Each structure stands twice: as structure tokens, then as C-alpha cells.
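Visitor: I'm new to looking at protein models. Could you walk me through this one?

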Amino acid sequence: MIIAIDGPAGSGKSTVAKLVATRLNYRYIDTGAMYRTVAWTAQKKGLRLADETAMAEIARDMDIEFVRGGGDGGDGYSVRVRGEDATLRLKNETVGKGAAVVAAQKSVREILVAKQRQIGKAGNVVMDGRDIGTVVFPHAEKKFFFVADAEERGRRRYEELKSKNLSLDLQGMIQEIRQRDGEDRRRKISPLVMADDAVKVNTTRLSIEEVAEYVLKNINNLDTTKKKVRISRL
Ligand code: C5P
């Protein structure tokens, strides 16, 4: 089974996706980390993010692994880039902003979506991102779309980064979350939109546990009859 969780930054996708994956003993794939890796690599090499050819080359050469356990992120999952633990470095907001820039590039998306489909092919995976239910796996058995108020999302991101000593100021964080969302929603290719057949969950006033319980319950009640889905293209 493929479980797709999409939604804006700070809506709780990755925290809940990790919990759900652990409970179901599924793999967890953080597609945001793939876009972040492109931006991070480019920033390290001093390349211009606007250089789509160079960004596509980084995406093509990407060697990324999602590992349960270990990692310097402290939440039981880690991202390894070329064998090196990059969990914490990828969380940086400068990298996040860069990710939104390269995520608007067609060739980068084509390459990363192909990789995501390859990773998900084996099934039993929880994948989170912006376009998993609409583009990457339009036939996913279960799709969720998380939303939450911008203030709350900014606060969560701020708390998360603060706990990892990567803090910025709260107001700045809310501002950045709003800006990144706007960019994700307005971009021409694979904008952030809810799939017609996704279950919408407003996480603003819910705890992580409550959201995870809701998702798990919903998965257990899965209706396996074939449903019609509209397939969106990049
Ligand atoms: O989820 P995360 O904040 O790590 O994602 C970073 C950025 O990567 C997002 O703001 C978005 O621009 C991009 N992204 C995307 N499609 C995905 C996952 C992330 O465009 N499936």
C-alpha cells in the first residue's frame, strides 16, 4: 500500500508520516528532503539555483537514502546523502527556501518524481510532499492532505528548529512559511493542491498523536473497491 501525505510546510506531515510508518512497519520517504538536497548541494558548490541545467544534473546524480534509526535529527529517521548523515543540515531554512526555488524547475521535478516512483514501486511506503497524491502516485491507496493555520505552522517550525539549535525568530519564521507556501501554490508545475480523493485533515488544534491516530483509523477503514482518479501531469 502507498500512503500519500501532502500539504504545506509545517502542517505536520513529516512528523505524522514517521509515526504512521513506524506503527505500520512501512518505509518513510521524505520527498522534501530530495528537493532540499538539490538546493543544499548547489549552495555548497556555489552554483546559482536559477541554473536549471546544473540543478537537473545534481538531481540526476543524487545518491540519497532514507534510513530508520540513527541520524542527527533526533526523531528516529535519517537522511543520508552520499553515505553521509545530512538530516539536520537539510532542515536549515536557507536550504528550505532554496528547495522551493529548484522545485519549480520542470527538469528537476521530472528527475525527482521518477526517482520517487522507483522508490515507491516496492509498496508499503508512507511518502510525504506536495504532489504525491496528484502527480507521483495518483493511484495511491490512501491520500491525506494536511492543512493548518500559518501562525501555528510557523510556530511548529520555529520550535522544531529551536530544539535543534537552528532557531530563527518566530515572526520571521511565520513570514517565511507564508512566502514558501505562496510559491508552492502558485508555481506552474505541480503546484500544491489537494487531490480530489484525498482526506483533508486540519491539524491546527490537534496533537501529533491525535493526527496519527486519525490517519491510522482511516487506513484501517480503507475501502479497497476501485476508485476513479484523475491523473495530473507535471
Ligand atoms: O517538505 P519540505 O519543507 O521539506 O519541502 C521543501 C520544499 O520542497 C517545499 O517548499 C517545496 O517547494 C518542495 N517540495 C515539492 N514537492 C514535494 C516535496 C517538496 O515541491 N513533493
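Visitor: Which residues come nearest to the ligand, of the 15 around it?

Guide: Sure, and keep in mind that this is a predicted model. There are 15 residues around the ligand, and five of them come nearest. Those five are R36, R109, D131, R180 and D184.

Visitor: What is the distance between an oxygen atom of the ligand and an N or O atom in the side chain of R36?

Guide: R36 is one of the residues that come nearest to the ligand. To count as a polar contact, a pair of N or O atoms has to be within 3.5 Å. The R36 side chain and a ligand oxygen make such a pair, at 2.6 Å.

Visitor: And how far from a nitrogen atom of the ligand is the polar side-chain atom of T31?

Guide: Let's go through the polar partners. R187 has a polar side-chain atom 2.9 Å from an oxygen atom of the ligand. For T31, the partner is a ligand nitrogen, and the distance is 3.0 Å.

Visitor: How much of the ligand's accessible area does the protein cover?

Guide: Start with the ligand on its own: its accessible area is 450 Å². Now put the protein around it, and the covered share is 97%.

Visitor: Is R180 buried or exposed?

Guide: You'll find R180 in helix α9, which spans residues 170-186. Beyond its neighbours within four places in sequence, R180 is in contact with several residues, including A9, R36, E93 and R157. Its relative accessible area is 6%, and the cut-off is under 20%, so R180 counts as buried.

Visitor: Let's move to the strands. Which strand sits between the two edge strands of the open sheet?

Guide: The sheet has three strands in the order β3-β4-β5, with antiparallel pairing. Both β3 (64-68) and β5 (84-85) pair on one side only, which makes them the edge strands. In the order β3-β4-β5, the strand in between is β4.

Visitor: Which residue in β5 stands opposite V81?

Guide: Strand β4 covers residues 77-81 and pairs with β5 in the antiparallel sense over two bridges. V81 belongs to that stretch of β4, and opposite V81 in β5 stands E84.

Visitor: At about what angle to β3 does helix α2 run?

Guide: Helix α2 is made of residues 31-45 and lies across β3 and β4. F66, in strand β3, touches A33 and M34, among others. Relative to β3, helix α2 runs at about 130°.

Visitor: How far apart are the C-alpha atoms of F66 and L49?

Guide: Along the chain, F66 and L49 are 17 residues apart. In space, their C-alpha atoms are separated by 24 Å.

How values were computed. Residues numbered from 1 in each chain as written. Predicted model: local features only at pLDDT ≥ 70, side-chain atom pairs only at ≥ 80, totals over all residues. Heavy atoms only, no water. Pairing = 2+ DSSP bridges. Helix = DSSP H or I, 4+ residues; strand = E, 2+ residues; numbered from the N terminus. Contact = heavy atoms within 4.5 Å. Axes fitted to C-alpha atoms, helices over the stretch in contact; angles between N-to-C directions. Near = heavy atom within 4 Å. Polar contact = N/O pair within 3.5 Å; in protein donor to acceptor, adjacent residues only side chain to side chain. Areas by Shrake-Rupley, 256 points an atom, 1.4 Å probe, with all protein chains shown as cover. Buried < 20%, exposed > 50% of the residue type's maximum accessible area, 1.4 Å probe, protein only.
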